[in-house]
Amino acid sequence: DIDGMVRTVVSVDPEALPWAQPKTALHNRWHPEIKPVATVKEGECFRVETVDWTGGQIKNDDSADDVKNIDLTEVHFLSGPVAVEGAKPGDLLKVEILDLGPLAGHEWGFTGTFDKSNGGGFLTDHYPRATKACWDIEGVYCCSRHIPGVRFAGLIHPGLIGTAPSAELLAMWNARETALVNEEHGAERKTSCNYLHTRPLAALPMATGALLGSLGHFKTKMGTDETWDRVASEAARTLPGRENGGNCDIKNLSRGCAVYFPVFVDGANLSMGDMHFSQGDGEVSFCGAIEMAGYLTLKCSVIKDGMKLLPVVGPSPLSVNPIFEIGPLEPRYSEFLVFEGFSVDESGVQHFLDATLAYKRAVLNAIKYLANFGYSEEQVYLLLSCCPCEGRLSGVVDIPNAVATLAVPLAIFDRDVRPKQGDVLEALAAGVKVKRIGRDVAKESDGSTPKPVDTRL
């Protein structure tokens with residue numbers, strides 16, 4: 001397809017199943033043998049369309065049962081790989097984001113929290129039930145019938161974008177993540193697992209749910225195709241960010257930005273998906289940006305032997321990370337309410353310079369404070385995951401406490417949520433709550449226990 005002077009190299013139908021796309025095969029694993037679906041020239045402007053990260057599992061309605069029962073083996077459907085002519089291992093691939101947005105006719109998105117027994121999330125020990133907020137996208141703004149009284153400008157970005165790993169890099173990923181998973185029930189288990197209700201320490205390769213581009217889908221290939229079975233047994237899940245970029249969820253990666261990706265295979269084989277209309281720093285609810293089907297217009301150039309510019313921090317020459325150049329466009333908010341957290345858990349136990357715990361405490365403080373103004377804590381949890389709030393590490397050297405902050409823009413609310421004399425304080429002093437705003441999103445699901453397809457998630 002030609003859209004003006006820009007060639008559409010990947011087109012999708014959001015109403016079709018991800019493995020039954022009429023024009024272009026998608027994928028949801030990383031592996032060097034997933035073949036490119038298109039090739040672009042260096043300096044060419046091209047357009048890529050994406051389905052939402054769940055592949056249409058979540059609907060625009062008032063029930064959270066779809067979030068509760070989501071199949072987390074079949075998510076993160078990526079468009080690509082797109083090969084770039086001239087890119088070779090050892091190069092840097094500069095990817096410029098020229099434009100991006102929701103697909104025409106699909107100007108809506110969703111934010112959710114998973115059930116504790118099927119996905120969980122950062123605060124699932126506090127908020128264990130599945131919830132959902134649907135958002136109407138109106139130009140640069142969005143609003144939700146599930147969280148009334150809030151409106152804000154989005155900063156659209158791909159949650160997931162990266163180059164294909166080489167076989168050597170893939171083996172390195174699988175070795176270190178397997179070693180981590182082997183700690184799960186032993187004395188060496190990482191300390192955060194003692195106070196955060198976690199999912200597995202890592203999501204290892206799994207054939208169930210795998211979609212491997214033109215190699216095919218597990219429902220038709222698993223156990224019947226030796227090549228497919230081998231690739232599926234090696235292919236990395238797309239959940240974390242890694243050396244190739246991947247699922248980094250950098251909310252400022254929008255129009256005018258550039259990313260310098262290391263190239264590990266011929267053509268670089270760039271893939272992308274998980275489009276967000278807006279996201280808060282940390283994407284704390286896990287299903288937590290405003291997730292949508294969307295498009296990106298990109299331009300790629302190759303810096304020959306450019307990987308030499310990337311610092312190697314680790315045991316391998318492949319132990320590098322992309323560099324991101326943030327663009328000039330973002331929502332302008334000048335007044336924020338800032339919440340602090342430090343390395344003491346909810347039971348009062350002191351931890352040592354633990355920044356994850358500090359951020360958890362900052363988010364909890366924000367949730368519980370804003371719930372004084374008529375919102376439920378579950379509504380605020382959803383909101384902080386998707387609104388343009390700013391997370392910061394303020395201190396990591398003053399023993400024993402790391403300090404994290406979360407800054408919430410005041411202008412997104414239709415009421416003044418600053419501390420002051422008035423109805424809210426009077427209600428708290430009287431031991432009552434102010435009138436609830438909107439519906440109770442914690443009751444959007446029927447309360448039954450989900451049956452996860454991937455029991456480890």
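Select proline 158 first and look across to strand 15, where methionine 275 stands opposite it; strands here are DSSP runs of type E with at least two residues, numbered from the N terminus. Residues are numbered from 1 along each chain as its sequence is written. The model is a predicted one, in which local features need pLDDT of at least 70 and side-chain atom pairs count only at pLDDT 80 or more, while totals for chains, interfaces and linings use all residues, and side-chain values use heavy atoms, with hydrogens and water left out.

Now widen the selection to strand 11 (residues 157–163) together with strand 15, and you will find the two paired in the antiparallel sense over 6 bridges, where pairing requires that DSSP finds at least two bridges between the strands. Next add strand 5 (residues 79–84), which runs antiparallel to strand 15 and is joined to it by 2 bridges; within this pairing, serine 79 has methionine 272 of strand 15 as its bridge partner. Colouring strand 15 (residues 270–276) by accessibility shows that it is mostly covered, with 7 of its 7 residues buried, a term that means under 20% relative accessible area, with exposed meaning over 50% and partly exposed lying in between (1.4 Å probe, protein chains only).

Move on to the cysteines, beginning with cysteine 257, which is buried at a relative accessible area of 2%. Why does the sulfur of cysteine 257 form no bond with the closest cysteine sulfur? The closest one, in cysteine 248, is 13 Å away, which is too far for a bond. Cysteine 386 is likewise in no disulfide, since the nearest cysteine sulfur, that of cysteine 387, is 6.2 Å away, and a disulfide is taken as a pair of cysteine sulfur atoms within 2.5 Å. Cysteine 386 also counts as buried, at 0% relative accessibility, and the structure as a whole holds 0 disulfides.

For the last stop, select Leu393, Val396 and Val397, which make a nonpolar surface patch of about 300 Å². Patches are made of residues with over 30% relative accessible area and no salt bridge, nonpolar side chains (Val, Leu, Ile, Met, Phe, Trp, Tyr) being joined within 5 Å and like charges within 9 Å; a salt bridge is a side-chain nitrogen of Lys or Arg within 4 Å of a carboxyl oxygen of Asp or Glu. Leucine 393 belongs to strand 20 (residues 390–395) and is exposed at 56% relative accessibility, whereas valine 397 lies in the loop between strand 20 and strand 21 (403–409) and is exposed at 62%.

Technical notes
Areas by Shrake-Rupley, 256 points an atom, 1.4 Å probe, with all protein chains shown as cover. Helix = DSSP H or I, 4+ residues; strand = E, 2+ residues; numbered from the N terminus.
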